[in-house]
Amino acid sequence: MPLFTREYIDTHANYDEKPSSYIAYNLSRNKENGTIYQLVVLRSADAYEHSLAQLHKRTAFYLGLFVLIAVAFLIAAFHWGFQPLRKLASQLDQMAEAKRDKLDDDYPMELQEVTMAVNRLSHISNDQQGRYRHAMDDLAHSLKTRLAATNALLDDSSLDRRELNQRIMEQISQMDDLVQYQLKRAMVGQQGLQKSNVELKPIITSLDRMLSKIYADKHAILHYHFDDKLKLPINKDDLMELFGNMLENSFRFCISQVKLSVIESNDYFTIAIEDDGPGVKPELREAIFQRGVRADQLNPGQGIGLSVCNEIVDSYQGKIHVENSALEGAAFIIKLPKS
């Protein structure tokens, strides 16, 4: 028989202090004469349950604290990790507003390829915008000369109607060629234009006829010294633009004479365009080939013509400079490679 019965426990237990649960210890078990004797010790489980509850609370507290710390670290990591992207977005906005030209170079390695591609795209876009802007400036500058020639033709009473119409149609044709030429330059750049050997004399004759009308009050005379069949290794439109700007500049500043000569050597064509005007001051001889710089601030102009000439000559690996002329004015010397 059991050592303690349920009735015994209920009788001797103090119900005011009765534990809510017990821990039972099975100490021994014997069998005598077919009867099983088992010794069981009961112990209150309140202290164990209290300790277990405290353990649960501590575990929940530390687990919650760990989760909070982990979330804080994740937020900080996301904030730090996306900082370069926020910087990239900010700099792209600045580029869109034309406040900067390119992205910085100090981005993380993972973004280096992206930023380099964006900078290349920005460089290409800026180059193309610059070509369009320069082409429009050059077109306006060139059309101004043709319009002045057209006005001079309309004021020339010595021309009959048939010749006047022919000369005006020639100017209109040149204007159309200029528009097509400048649009092509804007699209492909100077290096993308097709190069060819072009006969020089017809172009010089046409320009001489046009500029003589524009500057008729000067009675300027153009003297040119080169072989009538001479051909230069340069695009026809480039040739017209180059000599048009150079001769227009000489006619504008000359007193009565302009001289054009071409000397051919084994590797180069040396072109000299001289006038008997005031010349160019030594301190301005390099600056006048920059866009927007003019040697004479008294006469009207935008400082575009000589910069266009410099760009054209440079695209053919040539050189241009200015020095004193034997005519006591300026002499613009162009060295143009044959190949």
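**Figure 1. His-219 in the predicted model is exposed, with a relative accessible area of 65%.** The model shown in this and the following views is predicted. His-219 sits in the loop that runs between helix H6 (201-214) and strand S4 (221-225). Its phi is positive, about 55 degrees, although the residue is not a glycine. Most residues other than glycine have a negative phi. The cut-off for exposed is over 50% relative accessible area, so His-219, at 65%, counts as exposed.

**Figure 2. Helix H6 on the N-terminal side of the His-219 loop.** H6 has 14 residues. From its first C-alpha to its last it reaches 20 Å, close to the 20 Å expected at 1.5 Å a residue. The buried residues in H6 are Ile-203, Ile-204, Ser-206, Leu-207, Asp-208, Met-210 and Leu-211.

**Figure 3. Gln-317 in the loop between H8 and strand S8 (319-324).** Gln-317 has a positive phi of about 60 degrees and is not a glycine. The residue follows helix H8. With 54% relative accessibility, Gln-317 counts as exposed.

**Figure 4. Helix H8 (residues 305-315) is largely enclosed by the rest of the structure.** Eight of the eleven residues of H8 are buried, which is why the helix is described as largely enclosed. The buried residues are Gly-305, Leu-306, Ser-307, Val-308, Cys-309, Ile-312, Val-313 and Ser-315. After the helix comes Gln-317, with its positive phi near 60 degrees.

**Figure 5. Helix H7 (residues 236-253) and the polar contact at its start.** H7 has 18 residues and spans 26 Å from its first C-alpha to its last, close to the 26 Å expected at 1.5 Å a residue. Of these 18 residues, 15 are buried, so H7 is largely enclosed by the rest of the structure. At the start of the helix, a side-chain oxygen of Asn-235 comes to within 2.9 Å of the backbone nitrogen of Asp-237.

**Figure 6. Packing of helix H2 (residues 46-81) and helix H3 (residues 83-96).** Two packed helices are described by the angle between their axes and the distance between the axes. For H2 and H3 the angle is about 35 degrees and the axes are 4 Å apart. H2 contributes His-79, Trp-80 and Gly-81 to the contact, and H3 contributes Gln-83, Pro-84 and Arg-86. By residue class, the contact of H2 with H3 divides into two nonpolar, three polar and one charged.

**Figure 7. The aromatic pair of Phe-61 and Tyr-62.** A search of the whole structure finds five aromatic pairs. In the pair of Phe-61 and Tyr-62, the rings are 5.3 Å apart centre to centre, with 70 degrees between the planes. The pair is edge-to-face, because planes over 60 degrees apart count as such. Phe-61 is exposed, at a relative accessible area of 54%. Tyr-62 also counts as exposed, at 53% relative accessibility.

**Figure 8. Arg-29 in strand S1 (residues 22-32).** Arg-29 counts as exposed, with 58% relative accessibility. Leaving aside neighbours within four places in sequence, Arg-29 is in contact with Ile-36, Tyr-37 and Gln-38. Arg-29 and Leu-39 are ten residues apart in sequence, and their C-alpha atoms are 6.3 Å apart in space.

**Figure 9. Phe-269 in strand S7 (residues 268-275).** Phe-269 has 5% relative accessibility. The cut-off for buried is under 20% relative accessible area, so Phe-269 counts as buried. Residues up to four places away in sequence are not counted among its contacts. Phe-269 touches Leu-230, Lys-231, Leu-232 and Pro-233, then Val-262, Ile-263 and Glu-264, and also Ile-334, Lys-335, Leu-336 and Lys-338. Phe-269 and Leu-232 are 37 residues apart in sequence and 8.0 Å apart in space, C-alpha to C-alpha.

**Figure 10. The whole protein, as context for the close-up views, has 339 residues.** Its secondary structure comes to eight helices and nine strands. Of the 339 residues, 33% count as buried. Among contacts between residues at least 6 apart in sequence, 63% join residues at least 24 apart.

Conventions. Residues are numbered from 1 along each chain as its sequence is written. This is a predicted model: local features need pLDDT of at least 70, side-chain atom pairs count only at pLDDT 80 or more; totals for chains, interfaces and linings use all residues. Side-chain values use heavy atoms; hydrogens and water are left out. Axes are lines fitted to C-alpha atoms, for helices over the stretch in contact, and angles run from 0 to 180 degrees between N-to-C directions. Helices (H or I, at least four residues) and strands (E, at least two) are DSSP runs, numbered from the N terminus. Contact means heavy atoms within 4.5 Å. Ala, Val, Leu, Ile, Met, Phe, Trp, Tyr, Cys and Pro count as nonpolar, Asp, Glu, Lys and Arg as charged, and the others, Gly among them, as polar. The expected span of a helix is 1.5 Å times one less than its number of residues. Buried means under 20% relative accessible area, exposed over 50%, partly exposed in between (1.4 Å probe, protein chains only). A polar contact is a pair of N or O atoms within 3.5 Å; within protein, one must be able to donate a hydrogen and the other to accept it, and residues adjacent in sequence count only if both atoms are side-chain atoms. Rings of Phe, Tyr and Trp (its six-membered ring) pair if their centres lie within 6.5 Å; planes under 30 degrees apart count as stacked, over 60 as edge-to-face and the rest as tilted.
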